[in-house]
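User: Could we go through this one together? I have a few quick questions about a helix and a couple of loops.

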Amino acid sequence: MPPPHSLFSLGIFSDVQYADRENLGKCRYRQSLRYLGEAIECFNRHDLLAVVNLGDIVDSNQEAHLDAVLDVLSICVHPFVHILGNHDLAGPLGRQELASRFGITNIAGERLRQDGWRVIAVDSTEVSVACSDLLGIQAKCDLAQLRRQRDPSAQCWNGRAGDSQMLQLERQLVDADACGESALILNHMVANPHSGSPRHQCWNHSDLRQMLVCHPSAVAHFNGHDHDGGFATDPLSGIHYLTLPAICDSGEKLGAHAIAHFSRNSITIEGWGRISSRVLHCRN
Ligand SMILES: [Fe+2]
């Protein structure tokens with residue numbers, strides 16, 4: 001149930017990672033389609049502004065995998081906000097083709113603006129080793145440097161937002177500050193080593209955190225990528241970092257989806273399955 005004074009609500013899930021393949025570790029690749037269906041049916045019973053997919057909806061972008069998840073998504077009565085993850089970009093389709101399949105017109109940047117809130121997407125797959133162009137060369141240089149620095153994020157499954165994207169993010173936050181708005185950042189990768197595995201952080205995690213601290217509008221950062229999930233509040237800034245557990249790692253009967261209810265001064269997370277319910281108070 002939405003709390004009193006709720007302005008609007010968003011459904012959220014992450015890391016469906018559907019594939020027609022045998023289970024590996026805790027990943028139940030085939031069953032994840034059923035967990036996704038249960039999440040969508042739950043979302044359809046609620047009044048939502050949109051449903052957020054925090055990335056890695058497929059294990060790789062084979063046509064059959066995409067068709068299967070799009071078929072399940074088609075029963076949703078709400079619009080989607082899709083964020084790209086590293087697994088989404090594994091396979092034959094490039095970034096723009098994939099974005100087109102999911103109806104994404106702007107992969108990074110402002111995705112929603114409602115009742116004093118601004119929802120901004122960060123694309124941490126923009127500079128990654130999956131890129132085949134100059135950004136891919138840049139990614140290999142970044143990765144080598146991070147390995148020399150022994151940064152735990154120096155993993156081939158991570159990446160970062162490019163320089164111009166970071167500038168665009170800063171402009172969005174400056175504008176949100178000036179408008180007296182609150183901002184929620186959506187990202188696929190972890191940005192705080194206490195809210196998820198440091199090995200699943202985006203490569204520019206430190207720069208991103210420092211940018212958010214400088215902007216009073218920045219309230220929270222939601223991501224997936226680390227299948228175990230996690231949560232931390234930065235003790236100095238009060239910014240909340242929430243890593244949603246992966247749907248594909250759900251047990252036989254548990255799911256992993258949530259509804260976030262937005263009020264003027266807080267976000268209330270209503271969780272199902274492995275996601276804990278909690279209230280995130282705004283820092284300002
Ligand atoms: Fe991922």
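Here are some questions and answers on this predicted model.

User: How far does helix α1 reach from its first C-alpha to its last?
Analyst: Helix α1 covers residues 32-44, so 13 residues in total. At 1.5 Å a residue you'd expect 18 Å. The model comes out close to that, with a reach of 18 Å.

User: Within what arc do the buried residues of α1 fall, seen down its axis?
Analyst: The buried set is Ser32, Leu33, Tyr35, Leu36, Ala39, Ile40 and Phe43. Residues three or four places apart on an α-helix point the same way, because there are 3.6 residues a turn. Here the buried residues of α1 line one face of the helix, since they fall within an arc of 160°.

User: And which elements do the buried residues of α1 pack against?
Analyst: That group includes Leu33 and Phe43. Their partners are three strands and a helix by name: β1 (8-13), β2 (50-53), β10 (256-262) and α2 (63-73).

User: Is Asp115 buried, partly exposed or exposed?
Analyst: Asp115 sits in the loop between β4 (109-114) and β5 (117-121), and has a positive phi of about 50° without being a glycine. Most residues other than glycine have a negative phi. Asp115 has 13 other C-beta atoms within 10 Å, and exposed would need 12 or fewer, so Asp115 is partly exposed.

User: What about Arg150, buried or exposed?
Analyst: Arg150 also isn't a glycine, and its positive phi is about 55°. You'll find Arg150 in the loop between α4 (134-148) and α5 (163-178). Its C-beta neighbours inside 10 Å number 7, so Arg150 counts as exposed.

Key:
Residues numbered from 1 in each chain as written. Predicted model: local features only at pLDDT ≥ 70, side-chain atom pairs only at ≥ 80, totals over all residues. Helix = DSSP H or I, 4+ residues; strand = E, 2+ residues; numbered from the N terminus. Expected span 1.5 Å × (residues − 1). Buried ≥ 20, exposed ≤ 12 C-beta atoms within 10 Å, placed from the backbone. Arc of directions from axis to C-beta. Contact = placed C-beta atoms within 7 Å.
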